[in-house]
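Biologist: Before we discuss any detail, could you put the model on the screen, so that we can go through it one topic at a time?

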Amino acid sequence: MSKLICIDAGHGGNDSGAPGNGILEKNVTLKAVKRVGELLQKHGFKVIYTRISDNYVNLGERCRIANSNNADLFVSIHINSDDNLQASGTETLCYSKNRLAELIQKNLLSKLKLKDRGVKERKDLYVLNGTKMTAVLCELGFLSNKKEAEFIKTDKFLELSAEGIVLGICEYFGVKFKIENEIEKKTGGIMRKTIDVVIDGKKGFTEGYFIEGRNLFTADFIRCLGFDVGYKEKTKQVIISSK
Ligand SMILES: [Zn+2]
């Protein structure tokens, strides 16, 4: 029997959630749950949503949807905000520490590469104590942090967040995560992937192109521009430096 995952997009309708740097939390969470749902279905999971449009659903109703459908897991998605504009990073909240929270936090960190704020127990959150199944609430990043908000705006952020969450769920149930191969097949063997780069000691990332798993990073082109290009196997980083 395939497992049923209830995915909860935080806020909605009149409740915008946290605003920050021109973005509303409710819009990011809705886009994120849709991508998480797609990826889960590709991995054989059944999915129910607490909302699939910009409408207000109260917290009791969110729990009722998960409980009455006997969902196996409940995953709520939020974006954080704080008066301290420097606050940043990813955290996963749960009623009491559980393996799912640990696995989702671990995989979100490996994908998003934001600061690790850890797995935190929260007894006061309605959706965590009103749901009967294992439940987690992911705070992906901070809209109030200018730099993080720039990242949160991007499709890459949504994709990496969804991959992190689905990887965590797959690992929890022992399901093999296979989305990269599927994307390769769909695009005729070519796929885009994020590559970590270090340019003159400064960390960043860029998009690389891969054909059947082989990297087509345009090293020759970068050399033509007068830079040295190297690859650090251990950290899987492309190192670019001025001559
Ligand atoms: Zn929220």
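**Overall make-up**

Modeller: The secondary structure of this protein amounts to eight helices and 13 strands, and the model in front of us is a predicted one.

Biologist: What share of the residues in the protein is buried?

Modeller: The protein has 243 residues in total. A residue is called buried when its relative accessible area is under 20%, and by that cut-off the buried share is 49%.

Biologist: How much of the area that the protein exposes do carbon and sulfur atoms supply?

Modeller: The exposed area comes to about 12600 Å². Of that area, the part supplied by carbon and sulfur atoms is 51%.

**The nonpolar cores**

Biologist: Which helix gives the most residues to the largest nonpolar core?

Modeller: The largest nonpolar core has 42 residues, and those with the most contacts inside it include Leu 40, Val 75 and Phe 157. Among the elements that give two or more residues to this core are strand 1 (4–9), strand 5 (73–80), helix 3 (99–112) and helix 6 (155–173). With nine residues, the element that gives the most is helix 6.

Biologist: Which residues of helix 6 does Leu 40 touch, once its neighbours within four places in sequence are left aside?

Modeller: Leu 40 is one of the residues with the most contacts inside the largest core. Its contacts beyond those neighbours include Ile 5, Ile 7, Phe 45 and Val 47. Helix 6 spans 155–173, and the partners of Leu 40 that fall in that range are Val 166 and Ile 169.

Biologist: How many residues does the second, separate core have?

Modeller: This second core includes Leu 4, Ala 66, Leu 125 and Leu 137. One of these, Ala 66, is a buried residue of helix 2 (residues 59–68), and the buried residues of that helix pack against strand 1, strand 4, strand 5 and helix 4 (126–129). The number of residues in the second core is 15.

**The zinc site**

Biologist: Which residues coordinate the zinc ion?

Modeller: Along the chain, the donors follow the spacing H-x13-E-x52-H. They coordinate the ion at 2.1 Å, through NE2 of one histidine, OE of the glutamate and ND1 of the other histidine. In chain order, these residues are His 11, Glu 25 and His 78.

Biologist: Why can Glu 25 and His 78 be said to tie together separate parts of the chain, and how many residues apart are those parts?

Modeller: Both Glu 25 and His 78 are buried. Because Glu 25 lies in helix 1 whereas His 78 lies in strand 5, the pair ties together parts whose separation in sequence is 53 residues.

Biologist: Is Lys 26 buried or exposed?

Modeller: Lys 26 is found in helix 1, and a polar atom of its side chain lies 3.0 Å from the backbone oxygen of Gly 13. Leaving aside neighbours within four places in sequence, Lys 26 has contacts that include His 11, Asp 15, Arg 51 and Asp 54. Because its relative accessible area is 9%, Lys 26 counts as buried.

**The loop after helix 1**

Biologist: Which backbone oxygen does the side chain of His 43 reach?

Modeller: His 43 is found in the loop between helix 1 (25–42) and strand 4 (46–49), and because its relative accessibility is 6%, His 43 counts as buried. The distance from its side chain to the oxygen in question is 2.8 Å, and that backbone oxygen belongs to Leu 39.

Biologist: Which residues form the aromatic cluster?

Modeller: Phe 45 and Phe 173 form a tilted pair, with 5.8 Å from centre to centre and 45° between the planes. This pair links the loop between helix 1 and strand 4 with helix 6, across 128 residues. Tyr 172 and Phe 173 form an edge-to-face pair, at 5.0 Å and 85°. The one cluster is formed by Phe 45, Tyr 172 and Phe 173.

Biologist: Which of Phe 45 and Phe 173 is buried, and which is partly exposed?

Modeller: The relative accessible area of Phe 45 is 6%, so Phe 45 is buried. For Phe 173 the relative accessible area is 25%, and therefore the partly exposed residue is Phe 173.

Conventions:
Residues numbered from 1 in each chain as written. Predicted model: local features only at pLDDT ≥ 70, side-chain atom pairs only at ≥ 80, totals over all residues. Heavy atoms only, no water. Helix = DSSP H or I, 4+ residues; strand = E, 2+ residues; numbered from the N terminus. Buried < 20%, exposed > 50% of the residue type's maximum accessible area, 1.4 Å probe, protein only. Polar contact = N/O pair within 3.5 Å; in protein donor to acceptor, adjacent residues only side chain to side chain. Core = buried A, V, L, I, M, F, W, Y, C linked by side-chain atoms within 4.5 Å. Contact = heavy atoms within 4.5 Å. Donors = N, O, S within 2.8 Å, 3.2 Å for Na, K, Ca; no water. Areas by Shrake-Rupley, 256 points an atom, 1.4 Å probe, with all protein chains shown as cover. Phe/Tyr/Trp six-rings, centres within 6.5 Å; stacked < 30°, edge-to-face > 60°.
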